[in-house]
Amino acid sequence: MIRTMSNILLTMLLIWNSSCGTANGDISVVSNGHSEYSIVTPAAPSKAESKAATVLQDYIQKISGVKLPVVKENNFSGSTAIFVGNTDHTSGPEKVYGDGYYIGTTGKAVYVRGGSGKGVLYGAYHLLDTYMHCRKTSGEAAFVPTAKTITLPDGLKDLQEPVFVYRESYYPMSTDPEYLDWHGLQRFEDLWGLWGHSFFKILPPDQHFAAHPEYYSLVNGKRQALQLCLSNEQVYNLTVAYFRKAIATHPDAVYWSISPEDGPGYCTCDQCRKADEEEGSHAGALIRFVNRVAAAFPEQQFTTLAYGYSAKAPAKTRPAHNVFIFLSTIDAYRQQPLQTIASAADFRKNLTSWSQMTNNLFIWDYTTQFTNYLCPFPDYANLQPNMAYFKANHVKGVFSQGSGETYGDMAEYNSYVQAALLWNQDADIKAVTADFMQSHYKAAAPYIQQYVQALTNAVQQTHAVLDIYGSPVYSAKDYLSPAKIDQYSSLLDKAEAAVEQDPVALKHVYKARLSLEYAVLQQSRTYGTEKYGYLMPSGNTYVVNPRWPQRVQQFVTNSKAAGVTELAEGGLSPDAYQQEWAKLLAQQFIGGLAFRAPVTLVNPYTPEYSPMKEKTLTDGLFGTTDFSYNWLFTYGKDMVATIDLGSSKPVKSVSMNFLEDARHYIFVPVSIKVETSDDGSNYKVFGTKQIPVPGEDFTASISHYLFTGAVNSRYIRVTAVCAPHLPEWRAVSSKQASLCCDEIVVQ
């Protein structure tokens, strides 16, 4: 792993410095299949020291065929050894800070020392990677070269200390312990006794709300299980009791989270509201509460989220010495660095405020598209300036949230680069990238690197928006346009051809290609009967392109092979995705009288969620429970749509679907009225429906509404009345109800 300005440059400088004026600039740990070396640990080695010794023994044997003995220092005499850990044989700086490490050579001795924690183990892997040319680019087995001779530069002095105390790049490779240790990464599961949004882990509503609603937030004058009431004394007592037990059960945990749930609903009771008003922030009551709990456990370290309503720092109360603030970057777009992009203005302001309040600051960052994990998301060029910006603002740790345990766009590359930057924000990213590409893609490396660069360039050239809640459909007008996709595809064709005889590298290219294929498939749903759609003309109707079923099947097969378990956060599995496509492909095309008829709207649609604009209502396509595809999205207003059939025609029925998705504040209309007209001015009622207010249900569903009659008409007007306010069980002051209609079918 390259963690300094340049791995190659560093090695050359070290060899130069150590060999000037000497006949032999290298020492041979293994020479022509033989070795005099032992691996020496302290007499009472730590767990990390023992593991580091075993790792070195294992990989040196894999490289050379020679198994070096591992011995404890009290059973060893001499100096021809690799000394691992805090032995009495030592070299280098007096102290190694944090979980850094030092690798040195002098005479025939090799030293691998670590700071705290796993530092010595990180050093062992650095020795293997940097000086013995092993590589670990993914969760697969490491690449190990074979050589009968292993040499190291004499006089080597390689000190590495990480810039962040907490370093996490959250991708599938995070499930491989060796990958984490190889790259000096960590997992929240290994550090936190309680992680993330934790209020309801501490006081679960299903255990307490019925008997004690006062434990929970007062919202719109009513106690609701949205957040905790942080001024309630019993909430404090129960929280302390929870941590007293949890800390005793998990004494090795480094951090404990006391954080709001993922959503709105801060408490507005008199005491909580007073605290927030005094602090000028809804983090006021939160920080006071967390500080109070932290005071009961002065030896422990607690974290809390500055996220959503708690993002703004309080004006008066500083976080306690053992409280860490986890500030989120969630509201920013990703096409430019956080330091400059306009959408991160509030984040920058909050970062400055928090950094003035505390030295214990972590960042929760995002490097994936949560609504479409596989969508090409070329924020790669912003990774380094963002890390440098964090470091310049005294951030101590970063949780870089990618696709998690499911495979996402360029997951291996993202994780590899992020690991380098989390260790050293000034790493030479050109060298890191070149090293990764060559190690992971072999002969295909130049083409994959061109592919990554082409995506990056296209985002800038087309002034695209990279939204972590975006879609390949929304981006079809810019960096994922059909013309651009053809360009990318050509590069990936060359990549495949370059490694067609190398099954491992070819598999890696196929994984890279998944993102592009996913974009094509998703866009084809919206293009429908047009060019690039999944339908094609056949006589007077449209049928499925015969290539599409096999294309979907191949995508699903490749996705499962790549480790894709879900295509979006909480979304479909590959098998469920295939079932969704099967249903879509089996659906008979229904054009009707309104197919491709022009539509006029009284109220505007929401453009970021309605990429095909008003023609969404007459394009012959139906939506699924994902509001991103084939729905006309109207926010906070009635949908009033008039369809011009071109001439007066006999109308027997008008039907439409509306989506209900309470999680995204989308509800069916409270009423629907269908009217007809011959002149576009004078309308008659064709049918009406009153729709009851829905009960609490967060399951996304589609409701079908059919109106029948017998008239001759040219114009059809549909008025869907949006709920004037959200239902009580989903009421949030900053949100309004939305309407989603997919198609108006006139028969």
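Q: Two strands pair if DSSP finds at least two bridges between them. With that in hand, what is the strand order in the open sheet of seven strands?
A: This is a predicted model, and in it the order runs β9-β17-β16-β15-β14-β13-β10, with parallel pairing.

Q: What makes β9 and β10 the edge strands?
A: Each of them pairs on one side only, β9 covering 166-170 and β10 covering 192-194. As for twist, neighbouring strands of this sheet are turned by 25 degrees against each other on average, ignoring direction.

Q: How do you know that β15 and β16 pair?
A: Count the bridges: four of them link β15 (residues 323-328) with β16 (residues 361-366), in the parallel sense. The cut-off is at least two, so β15 and β16 qualify as paired. Within that pairing, Leu327 sits opposite Ile363 of β16.

Q: What about the open sheet of six strands: which order does it have?
A: It goes β3-β2-β4-β6-β5-β8, and the pairing is mixed.

Q: Why do β3 and β8 stand at the edges?
A: β3 (70-72) and β8 (157-160) each have a single partner strand, so one side of each has no neighbour in the sheet. From one strand to the next, the twist averages 20 degrees.

Q: What makes β4 and β6 a pair?
A: Three bridges join β4 (residues 81-84) to β6 (residues 109-114), and the two run parallel. At least two bridges are needed, so β4 and β6 pass. Phe83 has Tyr111 as its bridge partner in β6.

Q: How do you know that β26 is mostly covered?
A: Look at the tally for β26 (residues 738-746): nine of its nine residues are buried. Buried here means a relative accessible area under 20%. β26 also has antiparallel partners: four bridges tie it to β21 (residues 632-635), and four tie it to β22 (residues 639-660). Phe633 faces Cys740 of β26, while Val654 faces Val746 of β26.

Q: Why are α12 and α13 called roughly parallel?
A: Their axes cross at roughly 30 degrees and come within 10 Å, with α12 spanning residues 383-392. Angles under 35 degrees count as roughly parallel, so α12 and α13 get that label. The crossing of α12 and α13 is right-handed.

Q: And why are α13 and α14 called oblique?
A: The axes of α13 and α14 come within 10 Å as well, but they cross at roughly 140 degrees. Roughly antiparallel would take an angle over 145 degrees, and roughly perpendicular runs from 65 to 115; the α13 and α14 crossing fits neither, so they are oblique. α13 passes α14 in a right-handed crossing.

Q: How many aromatic pairs does the model have?
A: The count is 58.

Q: Why is the pair of Tyr413 and Phe436 called tilted?
A: The ring centres of Tyr413 and Phe436 are 5.6 Å apart and their planes make 45 degrees. That distance is within the 6.5 Å cut-off, and the angle falls between the 30 degree limit for stacked and the 60 degree limit for edge-to-face, so tilted is what's left. The two residues are 23 apart in the chain, with Tyr413 in α13 (residues 411-423) and Phe436 in α14 (residues 429-441). Both Tyr413 and Phe436 are buried.

Q: What makes the pair of Phe436 and Tyr441 edge-to-face?
A: Their planes stand at 85 degrees, with ring centres 5.9 Å apart. The label needs an angle over 60 degrees, so Phe436 and Tyr441 earn it. Tyr441 is buried, as is Phe436.

Q: How do you know that Lys62 sits over the ring of Tyr59?
A: The charged end of Lys62 is 4.6 Å from the ring centre of Tyr59, and the distance limit is 6 Å. Lys689 is another case, lying over the face of Phe707 at 5.3 Å from the ring centre.

Q: Why is Ala147 called partly exposed?
A: Its relative accessible area is 31%. Buried would be under 20% and exposed over 50%, so Ala147 lands in between. Ala147 sits in the loop between α3 (119-132) and β7 (150-153).

Key
Residues are numbered from 1 along each chain as its sequence is written. This is a predicted model: local features need pLDDT of at least 70, side-chain atom pairs count only at pLDDT 80 or more; totals for chains, interfaces and linings use all residues. Side-chain values use heavy atoms; hydrogens and water are left out. Rings of Phe, Tyr and Trp (its six-membered ring) pair if their centres lie within 6.5 Å; planes under 30 degrees apart count as stacked, over 60 as edge-to-face and the rest as tilted. Buried means under 20% relative accessible area, exposed over 50%, partly exposed in between (1.4 Å probe, protein chains only). A charge sits over a ring if NZ of Lys or CZ of Arg is within 6 Å of the ring centre and within 35 degrees of the ring normal. Axes are lines fitted to C-alpha atoms, for helices over the stretch in contact, and angles run from 0 to 180 degrees between N-to-C directions. A crossing is left-handed if the near helix is turned anticlockwise from the far one by less than a right angle, and right-handed if clockwise.
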